[in-house]
Amino acid sequence: MAKNTREKAEARAEKKDTRPRAVARYVRMSPYKVRTVVDLIRGKSFEEAEGILTYCKKICAADVKKVLMSAAANAENNLGMDRSDLYVAEAYVDGGPHMKRIRPVSKGRAHAILKRSCHITVILDVAKKF
């Protein structure tokens, strides 16, 4: 029994992704709106992505920029990487839990209002130089 558990733990350790990442959870914004901004930076270099988010007029760009900067700080402090070599390898937005509210309408009825939230994930990697 212990041998099987130990082998599973070793297999998980081998498959573990060592790229720098940052996650913002329970951001009170619709994932549909945030995905449009995340699509702008996917695959870009760190400096280019930072510039795009700085001048993007969408409100959620500030939250995405925070996650990007946190991932870059994790790369520098934890893994000893240089910011100028980094690029956005993966960036995605997952839906979070909904807060359910009710909007009263005529004749004693009610319509549901879903206040959505999302989880923003940014994974950086070192650009390969030729």
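Contact here means heavy atoms within 4.5 Å; keep that cut-off at hand for this tour of a predicted model.

**Stop 1: helix α4**

Start by selecting residues 61–79, which form α4. The 19 residues of this helix should span 27 Å at 1.5 Å a residue, and the 26 Å between its end C-alpha atoms agrees with that. Now show the side chains of Ala61, Val64, Val67, Leu68, Ala71, Ala72 and Ala75, the buried residues of α4. Look down the axis: these residues cover an arc of only 135 degrees, which puts them on the same side of α4.

What do the buried residues of α4 pack against? Color β1 (21–27), α2, α3, β2 and β5 to see the partners. Then turn to the face of α4 directed away from its buried side, where you will find the exposed residues Lys66, Asn77 and Asn78. Just after the helix, click on Gly80, whose phi is positive at about 70 degrees.

**Stop 2: helix α2**

Next, select residues 31–41 for α2. Pro31, Val34, Val37, Val38 and Ile41 are its buried residues. Seen down the axis of α2, they fall within an arc of 125 degrees, so they line one face of the helix. Add α3, α4, β2 (86–95) and β5 (118–126) to the view, since the buried residues of α2 pack against these elements. On the face turned away from the buried side, look for Tyr32 and Lys33, both exposed. Gly43, just after α2, has a positive phi of about 85 degrees.

**Stop 3: where α2 meets α3**

Keep α2 on screen and add α3, residues 46–55. Two packed helices are described by the angle between their axes and the distance between the axes. For α2 and α3, the axes come within 9 Å and cross at roughly 145 degrees. Zoom in on Val37, Leu40 and Ile41 of α2, which make the contact with Ala49, Ile52 and Leu53 of α3. By residue class, the contact of α2 with α3 has six nonpolar, no polar and no charged residues.

**Stop 4: the β3–β4 hairpin**

Is strand β3 (residues 99–104) in the open or buried? Of its six residues, the number buried is zero, so β3 lies largely in the open. Bring in β4, residues 110–115: the two strands run antiparallel and are joined by six bridges. Pick Arg103 and you will see His111 of β4 standing opposite. To finish, select Lys107 in this hairpin, which has five residues between the strands; Lys107 takes a positive phi near 60 degrees.

Methods
Residues are numbered from 1 along each chain as its sequence is written. This is a predicted model: local features need pLDDT of at least 70, side-chain atom pairs count only at pLDDT 80 or more; totals for chains, interfaces and linings use all residues. Side-chain values use heavy atoms; hydrogens and water are left out. Axes are lines fitted to C-alpha atoms, for helices over the stretch in contact, and angles run from 0 to 180 degrees between N-to-C directions. Helices (H or I, at least four residues) and strands (E, at least two) are DSSP runs, numbered from the N terminus. Ala, Val, Leu, Ile, Met, Phe, Trp, Tyr, Cys and Pro count as nonpolar, Asp, Glu, Lys and Arg as charged, and the others, Gly among them, as polar. Buried means under 20% relative accessible area, exposed over 50%, partly exposed in between (1.4 Å probe, protein chains only). The arc is that of the directions from the helix axis to the C-beta atoms. The expected span of a helix is 1.5 Å times one less than its number of residues. Two strands pair if DSSP finds at least two bridges between them.
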